Amino acid sequence: MRHDGALRFVARSFVRTESVAEEVVQDTWLAVIRGLHAFEGRSSLRTWIFHILVNRARSRAVREARTVPFSSLEDADGPSVDPSAFDTDGRWAQSPPRLDGDPERHLLSQELRRRLIGAVEELPEGQRAVIALRDLAGLPSEEVCELLGLSQGNQRVLLHRARTRVRAALAPIVVEDA
Amino acid sequence: MIRLRLRRRRSPNPLACREFVELVSDYLEGTLPPDVRARVDAHLAECDACTGYLEDVRMIATTLPTIELPETDPATHAALVAAFRDAQRG
């Protein structure tokens with residue numbers, strides 16, 4: 001059940017509470033088990049499982065009368081980085097802090113990894129669902145667009161917003177620790 | 001709302017850091033048109049700060065899949081295994 005955590009994470013983008021997300025994940029696994037014989041292999045198994053999950057999470061969200069604004073581009077019309085970070089020529093006023101103290105290793109410290117997930121959890125629903133499906137679950141962009149009913153362009157904007165917002169959330173921690 | 005004013009210059013049309021941060025994900029996704037990608041490459045070649053920023057964003061994308069998320073609780077796991085066995089028999 002390598003994907004269980006990612007499934008719960010995605011489900012949580014649609015429904016209000018952890019416990020409802022947990023139920024959606026359980027329902028999904030049961031549906032997968034019952035429907036496995038009917039799986040036709042037209043998509044990857046992983047995509048098929050996430051498809052079931054998103055459908056179930058969506059219906060659950062409708063029952064909860066929760067609006068899921070995935071087609072809207074949340075906060076997408078402002079700049080990714082605070083404009084005061086740049087001088088009048090558009091250059092960095094000072095180099096932004098690196099997240100990784102040891103860039104050669106390309107591995108975040110345990111503490112930063114924990115904070116990374118925390119930052120993803122704080123994202124608006126659409127950004128959270130896209131980054132969870134793309135980066136946590138590792139689904140390709142076309143499949144994420146289909147699952148969430150997004151255009152390629154909107155999916156890219158949400159992913160970009162999500163990653164830059166997560167980076168911005170981690171940067172002060174790095175500065176603090178330095 | 002602050003509008004980004006793209007600087008229009010004739011060749012070589014250099015990219016500002018402020019523009020680069022809006023293109024970083026599309027650059028990583030490989031979805032930029034070739035001329036824009038070339039401008040980004042030219043900018044990265046001479047800007048350490050943006051190269052670092054790019055590596056940070058890339059690292060977020062590559063670190064997320066390696067993070068262990070909480071697994072299913074044992075009771076749920078057992079129930080699912082039982083359901084799976086039932087389905088096999090049925």
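Select chain A and follow its backbone along the sequence: the pattern you will read is α-α-α-α-α-α-α, and the secondary structure comes to seven helices and zero strands. Keep in mind, as you go from stop to stop, that this is a predicted model. With chain A still selected, colour its 178 residues by burial, and you will find that buried residues make up 38% of them. If you then draw the contacts in chain A that have a separation of 6 or more, 69% of these join residues 24 or more positions apart.

**First stop: two helices that cross**

Now select residues 4-14 of chain A, which form helix H1, together with residues 18-35 of chain A, which form helix H2. Two packed helices are described by the angle between their axes and the distance between the axes. Here the axes of H1(A) and H2(A) come within 8 Å and cross at roughly 125°, which makes H1(A) oblique to H2(A). The crossing in which H1(A) passes H2(A) is right-handed. To see the residues that make this contact, show the side chains of Asp4(A), Leu7(A), Arg8(A), Ala11(A) and Arg12(A) on H1(A), and then those of Glu18(A), Ala21(A), Glu22(A), Val24(A), Val25(A) and Thr28(A) on H2(A). Coloured by class, the contact of H1(A) with H2(A) shows five nonpolar, one polar and five charged residues.

**Second stop: the two domains of chain A**

Next, give separate colours to residues 1-68 of chain A, which the domain assignment calls domain 1, and to residues 70-178, which it calls domain 2. Where the two meet, 12 residues of domain 1 are in contact with 11 residues of domain 2. On the side of domain 1 that touches domain 2, the elements giving two or more residues are H1 and helix H3 (45-63) of chain A, and the largest share, five residues, comes from H3(A). By class, this side of domain 1 has six nonpolar, five polar and one charged residues.

**Third stop: helix H5 of chain A**

Move on to residues 125-136 of chain A, which form helix H5, and notice that 12 of its 12 residues are buried, so this helix is largely enclosed by the rest of the structure. Among these buried residues are Glu125(A), Arg128(A), Val130(A), Ile131(A), Leu133(A) and Asp135(A). If you step past the end of H5(A), you come to Gly138(A), whose phi is positive, near 75°.

**Fourth stop: where chain B touches chain A**

Show both chains together, and select the 36 residues of chain B that are in contact with 42 residues of chain A. Helix H1 (17-29), helix H3 (48-63) and helix H4 (74-89) of chain B each supply at least two residues to the side of chain B that touches chain A, and the largest share, 10 residues, comes from H3(B). Sorted by class, this side of chain B has 21 nonpolar, six polar and nine charged residues.

**Last stop: one histidine in chain B**

Finally, centre the view on His43(B), which lies in helix H2 (residues 34-46) of chain B. Is His43(B) buried, exposed or partly exposed? A residue needs 20 or more other C-beta atoms within 10 Å to be buried and 12 or fewer to be exposed, and because His43(B) has 18 within that distance, His43(B) is partly exposed. Leaving aside neighbours within four places in sequence, His43(B) is in contact with Pro14(B), Leu15(B), Phe20(B) and Cys50(B). The C-alpha atoms of His43(B) and Pro14(B) are separated by 6.8 Å, although these residues are 29 residues apart along the chain.

Conventions: Residues numbered from 1 in each chain as written. Chains lettered and ligands numbered in written order. Predicted model: local features only at pLDDT ≥ 70, side-chain atom pairs only at ≥ 80, totals over all residues. Helix = DSSP H or I, 4+ residues; strand = E, 2+ residues; numbered from the N terminus. Contact = placed C-beta atoms within 7 Å. Nonpolar A, V, L, I, M, F, W, Y, C, P; charged D, E, K, R; others polar. Axes fitted to C-alpha atoms, helices over the stretch in contact; angles between N-to-C directions. Parallel < 35°, antiparallel > 145°, perpendicular 65-115°, else oblique. Left-handed = near helix turned anticlockwise from the far one by under 90°. Domains from an automatic or database assignment.
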